[in-house]
Amino acid sequence: MRSKVTGAQRWVVKIGSALLTADGKGLDRAAMGVWVEQMVALHEAGVELVLVSSGAVAAGMSRLGWTVRPSAMHELQAAAAIGQMGLVQAWESSFAEHSRHTAQILLTHDDLSDRKRYLNARSTLRALVELGVIPVINENDTVVTDEIRFGDNDTLAALVANLVEADLLVILTDRDGMFDADPRNNPDAKMIYEARADDPALDAVAGGTGGALGRGGMQTKLRAARLAARSGAHTIIVGGRLERVLDRLKAGERLGTLLSPERGLLAARKQWLAGHLQTRGTLVLDEGAVAALSQGHKSLLPVGVKAVQGGFRRGEMVVCVAPDGREVARGLANYSAAEAQKIIGQSSDAIVSVLGYMAEPELVHRDNLILV
Ligand SMILES: Nc1ncnc2c1ncn2[C@@H]1O[C@H](COP(=O)(O)OP(=O)(O)O)[C@@H](O)[C@H]1O
Ligand SMILES: N[C@@H](CCC(=O)OP(=O)(O)O)C(=O)O
C-alpha cells in the first residue's frame, strides 16, 4: 500500500508523445479515452487534476502525412501548431463525454521564470482547478526559440507540479517504470519500485555519461522527479499502457517507480527559484561563504565573494560556485553585476560609500537562495 499515492490530493499527470500517438501513428484516441475515464474517476474521488500532454508535433506530422520528424525549427513549429488543434480537440471531446470541461494552457519558459507571469499562471491554474475544470498543458511550441525550450515535457510537468504545489507527479511512459539498467539493452534489468529522488545511484541507472542507454529518456524523468521533489511532490514513473494504470495507482497498488522527496514543502518563493532555469551570471565564493551557505543557511554577503561573471541585473538569478567551480546555490542578486564587482570582498558597511547607496546588506538574501 502506497499511502503517499493514495492520499495525494493534487495530481499532475504527464503523457508522452510515444504513448499518445501509438508510436507516431496519429493520436491514439482509444487509449486517450481509457485514460480520461480513469482521470474522471479520480476527479470524482476528489483528486484535483492537471494534465500535461505532449503529442502536438507527432499529431501534426500525422495530419500532414509526414513520416520523418523535420529538423528545421519552423517546420517543427508549424507541425506543432497543426497538431495542437487535434490534440486539444481530442481531449476536449473525450472529457466532454463525461461532462467535464477542459482548458488549454500553452506555456513557455518565460511564463515560469518571470515572477509576475509565474504568479499569473499559478492563479489561473488554481482558479481552473477550483472550478473543477481539467487544464491540459503543453509547451507553446510555435513561439518558443531554441534557448528557452523546456525541450521535453517531463521538465515542463515538473515545473507545473511546482506551480500548483502538486502532491504527486505521474509520468506515464512506454516502460513499466525505471529499471536498474535500460531494459532495451539489458533483458535482466530489474524494476526499481521505490527510491529517493535525490539518490545519486539513480544517475548511472538513468543514463549518466555512458551514452549506451539509448535516448536517455529516463534521464529527463529523473530530473523531473528531482525538480518536483523540491516542492515536496512525489513522482511515479509508470507504464501508460498498463491496464487501468491510474485506477490501480489510486487503489494503492505497487506499480511503477515511486521517487520520494527528501524534505517537505519549500516556501512558494523558493519553489519558483528551483524552477527558474535561466541564470544570468556567476558568483565565485570563498570557502568561508560556501560553509556559511551550505551549513549555516546564511545569506551571501559581498565579503565572501571573490569574483563576478556575467551581466546580470538586480533581481536576476545567479549561480553561486565554490572556488573549485562546484555549484553550491542559486539565488536572486540584490545588485547588478557591475555593482557587485565594486562591492565584493568588502564588508556590507562599505556598500554606501562605494556605490553611493545601499539596497540590501546581502548580495543574495537567504530567502532568495536555494541550495543545490
Ligand atoms: N533505466 C531505465 N529504465 C527504463 N527505461 C529506460 C532506462 N534508461 C533508458 N530508458 C529508456 O527510456 C525510454 C522512455 O523515455 P522516452 O522515450 O523519452 O518516453 P516518453 O515519450 O514517455 O517521454 C524507454 O523506452 C527506455 O528505453
Ligand atoms: N511539446 C511537444 C512535446 C515535447 C516532447 O518531446 O515531449 P515527450 O514526448 O513527453 O518527451 C509536443 O507536443 O509535440
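In the predicted model, ligand 2 is surrounded by Lys14, Gly16, Ser17, Ser54, Gly55, Ala56, Val57, Asn138, Asp141 and Asn153. Classified by residue type, this shell comprises 6 polar, 2 nonpolar and 2 charged residues. Oxygen atoms of the ligand take part in contacts with both side-chain and backbone atoms of the protein. A polar side-chain atom of Lys14 is placed 2.6 Å from an oxygen atom of ligand 2, and for Ser54 the corresponding distance from a polar side-chain atom to a ligand oxygen is 2.8 Å. At Ala56 the contact is made through the backbone, a polar atom of which lies 2.8 Å from an oxygen atom of ligand 2. Taken on its own, ligand 2 has 390 Å² of accessible area, of which the protein covers 83%.

A further element of the model is an open sheet of 5 strands with mixed pairing, arranged in the order β10-β9-β11-β12-β13. Strands β10 (305-310) and β13 (369-371) form the edges, each pairing on one side only. From one strand to the next, the twist averages 20°. Within the sheet, β9 (residues 281-285) and β11 (residues 317-321) are paired in the parallel sense over 4 bridges. In this pairing, Leu283 is found opposite Cys320 of β11.

Helix α13, spanning residues 287-294, packs across the sheet strands β9, β12 (327-332) and β13. The direction of helix α13 makes an angle of about 105° with that of β9.

Key
Residues numbered from 1 in each chain as written. Chains lettered and ligands numbered in written order. Predicted model: local features only at pLDDT ≥ 70, side-chain atom pairs only at ≥ 80, totals over all residues. Heavy atoms only, no water. Near = heavy atom within 4 Å. Polar contact = N/O pair within 3.5 Å; in protein donor to acceptor, adjacent residues only side chain to side chain. Areas by Shrake-Rupley, 256 points an atom, 1.4 Å probe, with all protein chains shown as cover. Nonpolar A, V, L, I, M, F, W, Y, C, P; charged D, E, K, R; others polar. Pairing = 2+ DSSP bridges. Helix = DSSP H or I, 4+ residues; strand = E, 2+ residues; numbered from the N terminus. Axes fitted to C-alpha atoms, helices over the stretch in contact; angles between N-to-C directions. Contact = heavy atoms within 4.5 Å.
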